[in-house]
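Q: I'm new to this one and would like a close look at a single part of it. Could you walk me through it slowly?

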Amino acid sequence: MAFLAAVALYDRLTDRPPTYEPVSGTTALDTGDLPWETAPDPRPASCGGLPAKWLVIDWDAAEWDILLPLLERGEMPHLEALLRRASYGSLATFLPTISPAIWTTIATGVPPDQHGIRHFYNQRPRLARWWNRIVNLGRLERRLYSNAHRRAPAIWNLLSERDEPVMVVGYHNTFPVEEVEGLMVSNYLAQDSVSTLLDMKKGELGDDADLSSSLVYPPEKLADVLEIHQRLMDELPRAVRDFVAIDDEDELRDFLRKAQHLDPEGDQRPYFLTRAWLYDQVAAEVAETFYERLDPTLAIVHFQSLDWAAHHFLYFDRPEGFEKFGWDEATYARLDSQIPLYEDTVVAFHRYADEWLGRLVALTDESTGILIVSDHGTGPGPDPDLPGFHDDAPPGVIVLSGPGIRSGHRVEGATIYDVLPTLMASLDAPVAKDLPGRVLQEVFCPTAWAPQDQISIASYREGEAFAPPISAPTLRQDVARELESLGYLD
């Protein structure tokens, strides 16, 4: 009993909750002349009014230190064209840089201690974890957070309540999906657990009916989404060649064989490279397929591949950045032997994200604003098997373009808390006074928006506590394995 009491006291003294205060930091954006600043678009954006609609592109882990060299080399022409008529800057995030917590904050405008999603899984006190391992013979049972655990309305809830159509595809922590005015496709659609659905015909969901209803809302759109998924699975062998230097057919078959399953003890890079493409390609093609049908007031399309590419392949992009870690010669030799295979992988995924930026922007009309946002940046880290590192909370990016948005304006001091109030204000929707963030009013043309005209309410959560009307699911083991391999589960 004395030992348990000591552990409980140690928990209380050491497991202090984070403050979720924004962390400021410098990036490559803060140094040198930028080409779109010295030669801005000669056709500035219209300042007659604000966007009536928004297309939001989430680039998970995008950062200026990687983007700027690519822009200077002409590798991302669609982003460069957007920047010439945009307001842009770094976006401060918070610690710890856990994607579900940060993306839920972006969607709700409030910190994790209010919206309830603090991690990928519920981190119980150390004493509770020890006891759990004892009763489970050494195995720790993790309770992964889901969309059902969220306790603050997201922007898609706020707009759906106003009968505004929304389209949310691939966003973090949207499993299970919830009822919205429009379309929601879960971020877990591309996980291994979905493979059991791919051979099913319409209406024959059998024992996986609960899973299928958790993936797409409205559920009758599931068959259309799975058709896209199946077609892309067939295209995977061709697509892989864009991201890894393989010409020999036998080598390609071996690579694809390794990519089929996640081997905790083996080379995980083939698995995550193929999943990165599949995850994003499904989300992008679903968005492209349904965008014009829905004509949403808000469309959010989440791209995960930049994060996974950085986690697993950053060393091969810039090996000189890892000399400071002093790994043993065998480790450097092992990594260097794979440089010919992966030296273009990080750049290739950035080119890929830029291509989809161009395709999705082409679907919009002149009344639509474009927002690019990331949850954090990435840099070299001390783990040779996961060289992409963001534990020190490098800033993300924010880019806004469209009617009523200033061209060539550098945004200063923006944080992840500012995204929701800025979008709501631009759509002439109420902004809650109790939000910790602010409207980024400096990005708006003075003739397009004035603070005194903004509609305000006390809170988005007046009255009863918010909870999505969905049940917490049991997430399958493949999800936990992927998170553990990415370093997110201890």
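Is strand β1 (residues 53–59) largely enclosed by the rest of the structure or open, and why?

A: A word on the ground rules before the strand itself. This is a predicted model, in which local features need pLDDT of at least 70 and side-chain atom pairs count only at pLDDT 80 or more, while totals for chains, interfaces and linings use all residues. Residues are numbered from 1 along each chain as its sequence is written, and side-chain values use heavy atoms, with hydrogens and water left out.

Now to β1. Strand β1 is largely enclosed by the rest of the structure, because seven of its seven residues are buried. Buried here means under 20% relative accessible area, exposed means over 50%, and partly exposed is in between, using a 1.4 Å probe and protein chains only. Strands (E, at least two residues) and helices (H or I, at least four) are DSSP runs, numbered from the N terminus.

It helps to take the two sides in turn. In a regular strand the side chains alternate between the two faces of the sheet. On one side of β1 you'll find Lys53, Leu55, Ile57 and Trp59, and on the other Trp54, Val56 and Asp58; they are all buried, which leaves both faces covered.

What about the neighbouring strands? β1 pairs in the parallel sense with β7 (residues 368–373) over six bridges, and also in the parallel sense with β6 (residues 298–303), again over six bridges. Two strands count as a pair if DSSP finds at least two bridges between them. Trp54 is a handy landmark: Gly369 in β7 stands opposite it, and its bridge partner in β6 is Leu298.

From the end of β1 you can hop over to Ser374. That serine sits in the loop between β7 and β8 (379–380), and its relative accessible area is 0%, so it counts as buried. Trp59, one of the β1 residues on the side listed with Lys53, is among the residues Ser374 touches. The others are Ala61, Ala62, Leu91, Trp103, Gly396 and Val397, leaving aside residues up to four places away in sequence. Contact means heavy atoms within 4.5 Å.

Two of those neighbours also have polar contacts with Ser374, that is, pairs of N or O atoms within 3.5 Å; within protein, one must be able to donate a hydrogen and the other to accept it, and residues adjacent in sequence count only if both atoms are side-chain atoms. The Ser374 side chain reaches the backbone oxygen of Ala62 at 2.8 Å. A polar atom of that side chain also lies 2.8 Å from the backbone nitrogen of Val397.

For another covered element, look at helix α17 (residues 419–426), where eight of eight residues are buried. Among them are Val419, Leu423 and Met424. After α17 comes Asp428, found in the loop between α17 and β12 (431–432). Asp428 is exposed, with a relative accessible area of 52%. Its phi is near 60 degrees, a positive value in a residue other than glycine. Most residues other than glycine have a negative phi, and most peptide bonds are trans.

Asn173 has a positive phi too, of about 65 degrees, although it is not a glycine. Unlike exposed Asp428, Asn173 is buried, with a relative accessible area of 7%, and its place is in the loop between β3 and β4.
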